[in-house]
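Q: Please take a close look at the nonpolar patch on the surface, and then at the salt bridge and the loop residue with an unusual backbone angle.

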Amino acid sequence: MSRRIVPVAVMVGAGLVTLLGQFTDALLLGELSRTFVQWAGILFAFALMLGLWNLLAVHLRRVRAREAGWPDSLVLIGTAFVVLCAGLNGVSAPSLQWIFQHVQAPLESAMLALLVFFMGGAVVRALRARGRGVAFMLLTAAIVLLGQLPLMERFGREFADARAWIISVPMTAGMRGIVLGVALGTLATGLRLLSGVEHDRLFNQ
């Protein structure tokens with residue numbers, strides 16, 4: 001029983017001190033809160049290194065066992081080694097910047113370019129579904145996409161104005177709604193953790 005109570009008590013106590021320390025410096029709460037936040041940063045870095053070590057260990061095991069797809073694992077291990085060596089001189093090292101500019105940036109651009117084809121497939125599936133909502137969504141997407149083309153300015157400012165209105169009004173409202181929903185979800189999760197409601201799920205596995 002104590003094996004569950006002690007971790008829950010530590011978790012709830014640290015969370016309450018960190019939360020209260022954001023509003024007041026009384027009873028050393030502010031200093032404790034800042035200390036806990038610094039410890040959280042250290043734990044995050046340690047967890048990141050642990051995750052990298054686990055990833056390399058898993059793929060090393062796949063290479064040794066010659067499992068299916070082991071060449072991909074070998075490429076991953078080699079890439080991680082090269083990037084780690086390039087980053088030994090800091091994040092501003094020329095070698096690391098070269099990797100980001102000539103490898104990562106082109107790969108990300110290619111991946112984003114492939115989204116056009118996925119969007120085309122989604123449009124085809126949406127046309128099969130039919131309905132007013134689908135037609136409205138496709139019309140909105142067409143206006144935004146066509147409004148991006150410099151060629152459309154020759155046919156008037158209507159497309160550009162409609163695109164700017166869609167981005168500034170409905171899309172911004174939707175994005176703010178998503179951010180607000182994420183914030184409320186995070187707040188609810190934090191309150192459940194602080195109240196100990198989630199301790200069974202965390203420590204009974």
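A: In this predicted model, L112, L114, L115, V116, F117, F118, M119 and L145 make up a nonpolar patch on the surface, with a joint accessible area of about 870 Å². Such patches are built from residues with over 30% relative accessible area and no salt bridge, where nonpolar side chains (Val, Leu, Ile, Met, Phe, Trp, Tyr) are joined within 5 Å and like charges within 9 Å; the areas come from the Shrake-Rupley method with a 1.4 Å probe, and for residues only the protein chains shown count as cover. Helix α4 (residues 94-129) contributes the most, with seven residues, whereas L145 belongs to helix α5 (residues 132-147); helices are DSSP runs of H or I with at least four residues, numbered from the N terminus.

The structure contains one salt bridge, that is, a side-chain nitrogen of Lys or Arg within 4 Å of a carboxyl oxygen of Asp or Glu. It joins the side chains of R62 and E67 at 3.9 Å, N to O. E67 is partly exposed at 38% relative accessible area, and R62 is partly exposed at 24%, where buried means under 20%, exposed over 50% and partly exposed in between.

R66, in the loop between α2 (29-64) and α3 (70-86), has a positive phi near 50° although this residue is not glycine. Most residues other than glycine have a negative phi. R66 is exposed, with a relative accessible area of 54%.

Residues are numbered from 1 along each chain as its sequence is written, and side-chain values use heavy atoms, without hydrogens and water. Because the model is predicted, local features need pLDDT of at least 70 and side-chain atom pairs count only at pLDDT 80 or more, while totals for chains, interfaces and linings use all residues.

Note on methods
Helix = DSSP H or I, 4+ residues; strand = E, 2+ residues; numbered from the N terminus. Buried < 20%, exposed > 50% of the residue type's maximum accessible area, 1.4 Å probe, protein only.
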